[in-house]
Amino acid sequence: MSTWENNEEIKIFREYLQIPSVHPDIDYEPCVAFLKKQAQNLGLPLKVYTPGGEKKPIVVITWIGSNPELPSIVLNSHMDVVPVFPNEWKHPPFGAEMDSEGRIFARGSQDMKCVGMQHLAAIRALRKAGIQLKRTIHVTFVPDEELGGKPGMAMFVHTDDFKKLNVGFSLDEGIASATDVYPVYYAERFIIQIHFKISGTTGHGSLLHENTAGVKLNHLLRKMMEFRQEEENKLKNNKNFTIGDVTTINLTQIHGGVQSNVVPPMIEAVFDIRVAVTVDPDALIQKIEKFCEESGGGIEIEFEQKEPKVEPTKIDASNIYWTALKQAFDDAGIKTSTQVFPGATDSRYVRLVGIPAIGFSPMNNTPVLLHDNDEYLKADTYLEGIEIYKKILKALANV
Ligand code: ZN
């Protein structure tokens, strides 16, 4: 038996990992029941909100501060995990098996059931030590983040129930780091997913028609790929840049055509674009509209996704929570690097309503395995993360 087998926190973490809250069609009831048990054990009140419908519960466990009139701290995590390809896993994805090195294998071990349980574990430890913090802490567990969070955090932030939580600051997920430096995320890029509906002259495949959809597609792809190359060069030529600092442009789907000897009247191309926070998304859309005209016109643009511009969370002295967080990291000798998150998380909805939010998952010296096969987290890394949360919660909730 390994040294971690009997650790109470490891036991709780593994139990949570064993709940298959995996897309599609998640039944969140086992998660809610599990969290109710956790709240009971902690002696803390729990509330369930359902702005997105009965099947999309939002669970909030609350630790009231000694100055409950002060704005509160939210510790958010999502309960859902992405699908698995079980045949490609060496361990059952919902078995939470632990090997002799203490590696715990499960979908959600990094993204992000670890963080949700570490939040509770840190509170448990602080309460056991008789520590009382000034600000109220709300530990929130939300559904469907992996599908864009619409019935979860996206709706919740606009409800009166959320406003009543009087949130001053929020912590949510980050990503593991292969080095000893912990990335800390203060912003996210805007997502734009565009369908280009390219229409052109149709006819027999044996002729040379003008302005076919294929010719236009060729022009458009060239322009988009040149744009992509410019961004790739920016990333390569600036060693301080991470992927979040540039705009990414990727062709993700092409549809069209009916038969091999018929020139199609329409071809559809889909691009996933993540716009750097320093770029004006409207200017970028104008640039793309110009590409369409230059490619021969007759190209209709449809947005599958176009999110509102969200301001980055300030990481300077004007943000008292940031100052406290940074101080706590520095005092504990924790090396951090502030970055723009490469993907999207629920933090964008929190920032959208004007609340500062930081993404941070305490997993350093860990391979980045979110959404990958054999996702795992080491027990030691998990326990170390609890210690880090204890320090930063003390700092944040006493601001
Ligand atoms: Zn996640």
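**Entry 1: the second largest cavity**

I began with the second largest cavity, which has a volume of about 30 Å³. This is a predicted model, so I read everything here as a prediction. Which residues line the second largest cavity? I found Q110, D111, G174, I175, A176, M363 and L370 in its lining. Sorted by class, the lining of the second largest cavity holds four nonpolar residues, two polar ones and one charged one. I kept a note of D111, since it is part of this lining and turns up again at the zinc ion.

**Entry 2: the zinc ion**

Next I looked up what holds the zinc ion. Its donors come from H78 (NE2), D111 (OD) and E173 (OE), with E173 (OE) listed twice, at 1.8 to 2.8 Å. What is the spacing of the donors along the chain? I wrote it down as H-x32-D-x61-E. The pair D111 and E173 links distant parts of the chain, 62 residues apart. D111 sits in the loop between β5 (103-105) and α3 (113-128), and E173 sits in the loop between β7 (167-172) and β8 (182-188).

I then turned to the geometry. The angles among the four donor atoms run from 51 to 148 degrees, and the site is irregular. To count as tetrahedral, four donors need all angles between 85 and 135 degrees. For reference, I noted that the ideal angle for four tetrahedral donors is 109.5 degrees.

Are these two donor residues buried or exposed? D111 has a relative accessible area of 5%, so I logged D111 as buried. E173 also comes out as buried, with a relative accessible area of 5%. The cut-off I used for buried is under 20%.

**Entry 3: cis peptide bonds**

I stayed with D111 for one more check. A cis peptide bond joins D111 and M112, with omega at about -15 degrees. M112 has its place in the loop between β5 and α3.

I also found a cis peptide bond from H23 to P24, where omega is near 0 degrees. P24 lies in the loop between α1 (8-17) and α2 (29-42).

**Entry 4: positive phi angles**

In the loop between α1 and α2 I also came across D25. D25 is not a glycine, yet its phi is positive, at about 50 degrees. Is D25 buried or exposed? Its relative accessibility is 75%, so D25 counts as exposed.

N166 is another entry for this page: its phi is near 50 degrees, a positive value in a residue other than glycine. I placed N166 in the loop between α5 (160-164) and β7. With a relative accessible area of 35%, N166 is partly exposed.

**Entry 5: the largest cavity**

How many cavities of 30 Å³ or more does the structure hold? I counted two. The largest cavity contains about 70 Å³ of space. Among the residues lining the largest cavity are A187, E188, R189, F190, R348 and R351. E307, P308, V310, E311 and P312 are also part of that lining. β8 and α9 (347-352) each supply at least two of the lining residues. By class, I noted five nonpolar residues, no polar ones and six charged ones around the largest cavity.

**Entry 6: the largest pocket**

I moved on to the largest pocket, where about 420 Å³ of space lies. Of the 19 residues that line the largest pocket, E145, E146, R274, G343 and A344 are the closest to its centre. β9 (190-199) and β14 (299-306) are the elements that give two or more residues to this lining. The lining of the largest pocket has seven nonpolar, five polar and seven charged residues.

**Entry 7: helix α10 and K216**

I tested the length of helix α10 (residues 379-396). At 1.5 Å a residue, its 18 residues should span 26 Å, and the end C-alpha atoms are 25 Å apart, so the two agree. Which residues of α10 are buried? My list includes A379, T381, Y382, L383, G385 and I386, and it goes on with I388, Y389, I392, L393 and L396.

Last, I looked up K216, which is found in helix α6 (residues 213-237). Its relative accessible area is 7%, so I put K216 down as buried. K216 and T336 are 120 residues apart along the chain, and their C-alpha atoms are separated by 47 Å.

Definitions and conventions
Residues are numbered from 1 along each chain as its sequence is written. This is a predicted model: local features need pLDDT of at least 70, side-chain atom pairs count only at pLDDT 80 or more; totals for chains, interfaces and linings use all residues. Side-chain values use heavy atoms; hydrogens and water are left out. Donors are N, O and S atoms within 2.8 Å of the metal (3.2 Å for Na, K and Ca); water is not among the atoms, so sites may look incomplete. Four donors count as tetrahedral if all angles lie between 85 and 135 degrees; four count as square planar and six as octahedral if opposite donors are over 155 degrees apart and all others between 65 and 115; anything else is irregular. Helices (H or I, at least four residues) and strands (E, at least two) are DSSP runs, numbered from the N terminus. Buried means under 20% relative accessible area, exposed over 50%, partly exposed in between (1.4 Å probe, protein chains only). The expected span of a helix is 1.5 Å times one less than its number of residues. On a 1 Å grid over the protein atoms alone, a cavity is a set of points where a 1.4 Å probe fits but cannot get out, and a pocket is an open set with protein on both sides within 12 Å along at least five of seven lines; lining residues have an atom within 4 Å of a point. Grid points are joined across faces, edges and corners, and a volume is the space filled by probe spheres set on the points. Ala, Val, Leu, Ile, Met, Phe, Trp, Tyr, Cys and Pro count as nonpolar, Asp, Glu, Lys and Arg as charged, and the others, Gly among them, as polar.
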